[in-house]
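Let's take a walk through this structure together. Have a look at the sequence and the model, and then we'll go from one part to the next.

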Amino acid sequence: MERLRNHYLFPEISARELEHIKKYPNEKVIRLGIGNTTEPIPEVITLAMSDFTRALSTPEGYRGYGAEQGNMELRKAIVKTFYGDLPVKDTEVFVSDGSQCDISRLQLLLGSNVTIAVQDPSFPAYIDSSVIIGQAGGFEDETGKYQNIVYMKCGPQNHFFPDLSNTLRTDVIFFCSPNNPTGHAASREQLEQLVEFAKENGSIIVYDSAYAAYITDESPQSIYEIPGAIEVAIEISSFSKIAGFTGVRLGWTVVPDELLFSNGFPVIHDFNRIVCSCFNGASNVAQAGGLACLSPEGAKAMLSVVDYYKENANILAESFASLGLNVYGGVNAPYLWVHCPGLRSWDVFNEILEKTHIITVPGSGFGPGGEEFIRVTTFGHRETILEASTRLKSLVLV
Ligand code: PGU
């Protein structure tokens, strides 16, 4: 715990927002920082949860502990909806209370004695949980890199995909696509290279597809679209950003039977043990909601909310582009990744906040590779996004 460099990024940003509000009590702050969903959950989904909840008050509808791995009906629906013809079985799906929690449970499974690689920049929970479990050594240099962690630089210069021929072997590779924060969805060819690299090195890929529903081009939505991936990859995913379940809490992890430790022991057996000993299963109310999300009516309703956020992305991308800045992301993910050449990302964060009262996220919070960038969430009510767009258009960054 002592090795953790900073406060966790998002609470740190909230603290800065509070300071700002104290300084400007009459200004309306717009939050384009943490990737928190804002639009109501479609009623077809919440009604299913409320029906389930009401039934808990009846002798027939009451349910206690369920299967630790999740409701089988939901596991089947996840396979059908997200994996279709891919070689993923319902028994390989573990329903969870969100992918952030699964990241830590996977770290518990992997233990302190492994080496990891992460995209740089990437979602900070991979590194933080790695430091907490004891995988990382002290800091490597002034940019704040940890020893024992391999940072795979991903920026515009390499099409947001690491140069694997120059990447050191690690036991585990955390890989997020579409990536948070850059918004880049890895292409089929890039993922084929990644799977090949993991095979050659005997590494396990932990593939985070939390934003797969935002993919609009032909990029794969699951690592299992790549032949051979079931032998090297675990996939974690979530209902948070597709169904607005950031508060309800529901996600899943796929651990294929074919994924083995180097001694031939199936990883799924150990993950099952972790889930049974350290978790006990997701809330049955949330799972009832998840099942409704995957009904034809629920799926249609939740995807229309995704489309709404995508339109927000177009509006904001246009505003940043009008400032002459290079804007990445937004097409396959609910984040824009805005390049501010020559400027430090915390300075840009402060300047945008001072001049427009808009909260963003400094890119360096996602790793040294995020310096000179800011991340902008496209979750927000339309009127807020339009207001942000108006304020941004008159911004002059110095
Ligand atoms: N994986 C990725 C890539 C994420 O960006 C997030 C959330 C999660 C997993 C966690 O999802 P849950 O299923 O809801 O647990 N990222 C948000 C929230 C950050 C936070 O840690 O509070 C973001 O703004 O990056």
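How close do the axes of helix α1 and helix α11 come, and at what angle do they cross? Keep in mind as you look that this is a predicted model. Helix α1 covers residues 9-23 and helix α11 covers residues 345-356; their axes come within 11 Å and cross at roughly 35 degrees. The crossing of these two helices is right-handed.

Zoom in on the place where they touch. On the α1 side you'll find Glu-12, Ile-13, Arg-16, His-20 and Lys-23, and they meet Trp-346, Phe-349, Asn-350, Leu-353 and Glu-354 of α11. Sorted by class, that contact holds four nonpolar, two polar and four charged residues.

Now swing over to another pair of helices, α4 (residues 99-110) and α8 (residues 267-278). These two pack at an angle of about 115 degrees, and their axes are 10 Å apart. Here, too, the crossing is right-handed. From α4 come Asp-102, Arg-105, Leu-106, Leu-108 and Leu-109, while α8 brings Val-267, Asp-270, Phe-271, Ile-274 and Cys-278 to the contact. What's the mix by class where α4 meets α8? There are seven nonpolar and three charged residues, with no polar ones.

Next up is the sheet. It's an open one made of seven strands, and if you step across it you pass β2, β8, β7, β6, β5, β3 and β4 in that order. The pairing is mixed. At the edges sit β2 (93-96) and β4 (149-153), each of which pairs on one side only. From one strand to the next, the twist averages 20 degrees.

Let's stay at the β4 edge for a moment. Strand β3, residues 116-120, pairs with β4 in the parallel sense, and five bridges link the two. To get your bearings there, find Ala-117, which stands opposite Val-150 in β4.

Last stop: the ligand. How many residues surround it? The count is 19, and the closest are Tyr-8, Gly-35, Tyr-211, Ser-238 and Ser-240. Gly-35 takes part through its backbone, where an N or O atom lies 2.6 Å from an oxygen atom of the ligand. Ser-240 uses its side chain instead: a polar atom there lies 2.6 Å from a ligand oxygen atom. For a nitrogen atom of the ligand, look to Asp-208, where an N or O atom in the side chain is 2.6 Å away.

Technical notes:
Residues are numbered from 1 along each chain as its sequence is written. This is a predicted model: local features need pLDDT of at least 70, side-chain atom pairs count only at pLDDT 80 or more; totals for chains, interfaces and linings use all residues. Side-chain values use heavy atoms; hydrogens and water are left out. Axes are lines fitted to C-alpha atoms, for helices over the stretch in contact, and angles run from 0 to 180 degrees between N-to-C directions. Helices (H or I, at least four residues) and strands (E, at least two) are DSSP runs, numbered from the N terminus. A crossing is left-handed if the near helix is turned anticlockwise from the far one by less than a right angle, and right-handed if clockwise. Contact means heavy atoms within 4.5 Å. Ala, Val, Leu, Ile, Met, Phe, Trp, Tyr, Cys and Pro count as nonpolar, Asp, Glu, Lys and Arg as charged, and the others, Gly among them, as polar. Two strands pair if DSSP finds at least two bridges between them. A residue is near a molecule or strand if one of its heavy atoms lies within 4 Å of it. A polar contact is a pair of N or O atoms within 3.5 Å; within protein, one must be able to donate a hydrogen and the other to accept it, and residues adjacent in sequence count only if both atoms are side-chain atoms.
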